[in-house]
Amino acid sequence: KSDFQTRLKGLRSGSDAYFIIPLDVARLIDMIDSLNADQEVEPYHVLIVDDDPEQVSYYALILQQAGMITSVASDPMTVLNVLVEAKPELILMDIRMPVMDGLTATQEICRFQAEVGHAPTPIIALTANAMKADRDRCLAAGMVDFIPKPVRRTQLRQVLARVAGAAAPPA
């Protein structure tokens, strides 16, 4: 039917389109394409900073299975270069690394982003030290959350969803 009352019922029921039989298939396909185009979202991009290749592979696999893009900085001395190039929305930062620890790397990232006028990228700490003092040091350095090692798949996804949800929804 194409009367006003029937169309109004369709609108009130939450429909996005109204089609009359016989169906114009080309119009239906165009409508489906336009509705799907509105829902396409860029995948969330996470930078992993860790010197352990096995850990990096594990985190990357979990994130990629969740539809995210990953970049890696295996040397914290190169993290600023990777940050500029990759432009991630989130950083997973190991705390214990040679040459520069994750706390110092986090402070450098925060300082760099402030100098160039970029909004701070949320940084999540990854560490085997789960003491309250360690958490406090991570937060004081500029990190937004803390995941104790060994990292469980569900735990990583929950923290990422919580932090990502505050900034932008992951894909």
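Colleague: Does Ile29 count as buried, partly exposed or exposed in this structure?
Modeller: The model is a predicted one, and Ile29 is found in its helix 2. The relative accessibility of Ile29 is 44%. Buried would require a value under 20% and exposed a value over 50%, so Ile29 counts as partly exposed.

Colleague: Which residues make the nonpolar surface patch of about 260 Å²?
Modeller: A residue enters a patch with over 30% relative accessible area, and Ile29 has a relative accessibility of 44%. The patch has an area of about 260 Å², and its members are Leu23, Val25 and Ile29.

Colleague: Where does Pro22 lie, given that the peptide bond from Ile21 to Pro22 is cis?
Modeller: The bond from Ile21 to Pro22 has an omega near 10° and is cis. Helix 1 covers 4-12 and helix 2 covers 25-39. Pro22 lies in the loop between helix 1 and helix 2.

Colleague: What is the omega of the cis peptide bond from Lys149 to Pro150?
Modeller: Pro150 lies in the loop between strand 5 and helix 7. The bond that joins Lys149 to Pro150 is cis, with omega near 0°.

Colleague: How many salt bridges does the structure hold?
Modeller: A pair counts when a side-chain nitrogen of Lys or Arg is within 4 Å of a carboxyl oxygen of Asp or Glu. Lys149 and Asp50 form one such pair, with their closest N and O atoms 3.7 Å apart. The number of salt bridges in the structure is four.

Colleague: How many residues apart in sequence are the parts that the pair of Lys149 and Asp50 ties together?
Modeller: Lys149 and Asp50 form a salt bridge. Lys149 lies in the loop between strand 5 (145-148) and helix 7 (153-167), while Asp50 lies in the loop between strand 1 (45-49) and helix 3 (53-65). The pair therefore ties together parts whose separation in sequence is 99 residues.

Colleague: Is Asp50 buried or exposed?
Modeller: Its partner Lys149 has 23% relative accessibility and counts as partly exposed. For Asp50 the relative accessibility is 0%. A residue under 20% is buried, so Asp50 counts as buried.

Colleague: In which helix do Arg111 and Glu108 both lie?
Modeller: Arg111 forms a salt bridge with Glu108, and their closest N and O atoms are 2.8 Å apart. Arg111 has a relative accessible area of 43% and Glu108 one of 29%, and each is partly exposed. The two residues are three apart, about one turn of the helix, and both lie in helix 5 (residues 102-116).

Colleague: What separates Lys132 and Asp136 in helix 6?
Modeller: Their side chains meet in a salt bridge with an N to O distance of 3.1 Å. Lys132 is exposed at 61% relative accessibility, whereas Asp136 is partly exposed at 37%. Because Lys132 and Asp136 are four residues apart in helix 6 (residues 132-141), what separates them is about one helical turn.

Colleague: Which residues form the negative surface patch?
Modeller: Asp52, one of its members, lies in the loop between strand 1 and helix 3. Asp52 has a relative accessible area of 32% and is partly exposed. The negative patch is formed by Asp51, Asp52, Glu54 and Asp75.

Colleague: Are the rings of Tyr58 and Tyr59 stacked, edge-to-face or tilted?
Modeller: The count comes to one aromatic pair. The ring centres of Tyr58 and Tyr59 are 5.9 Å apart and the planes stand at 55°. Planes under 30 degrees apart are stacked and those over 60 are edge-to-face, so this pair is tilted.

Colleague: Is Tyr59 buried or exposed?
Modeller: Tyr58 is partly exposed, with a relative accessible area of 28%. Tyr59 has a relative accessibility of 0% and counts as buried.

Colleague: What is the phi of Lys87?
Modeller: Lys87 is placed in the loop between helix 4 (79-86) and strand 3 (90-94). At 60% relative accessibility, Lys87 counts as exposed. Its phi is positive, in a residue other than glycine, with a value near 50°.

Technical notes:
Residues are numbered from 1 along each chain as its sequence is written. This is a predicted model: local features need pLDDT of at least 70, side-chain atom pairs count only at pLDDT 80 or more; totals for chains, interfaces and linings use all residues. Side-chain values use heavy atoms; hydrogens and water are left out. Buried means under 20% relative accessible area, exposed over 50%, partly exposed in between (1.4 Å probe, protein chains only). Patches are made of residues with over 30% relative accessible area and no salt bridge: like charges are joined within 9 Å, nonpolar side chains (Val, Leu, Ile, Met, Phe, Trp, Tyr) within 5 Å. Accessible areas come from the Shrake-Rupley method with a 1.4 Å probe; for residues, only the protein chains shown count as cover. Lys and Arg count as positive and Asp and Glu as negative; His and the chain ends are not counted. The place of a charge is taken as NZ of Lys, CZ of Arg, CG of Asp or CD of Glu. Rings of Phe, Tyr and Trp (its six-membered ring) pair if their centres lie within 6.5 Å; planes under 30 degrees apart count as stacked, over 60 as edge-to-face and the rest as tilted.
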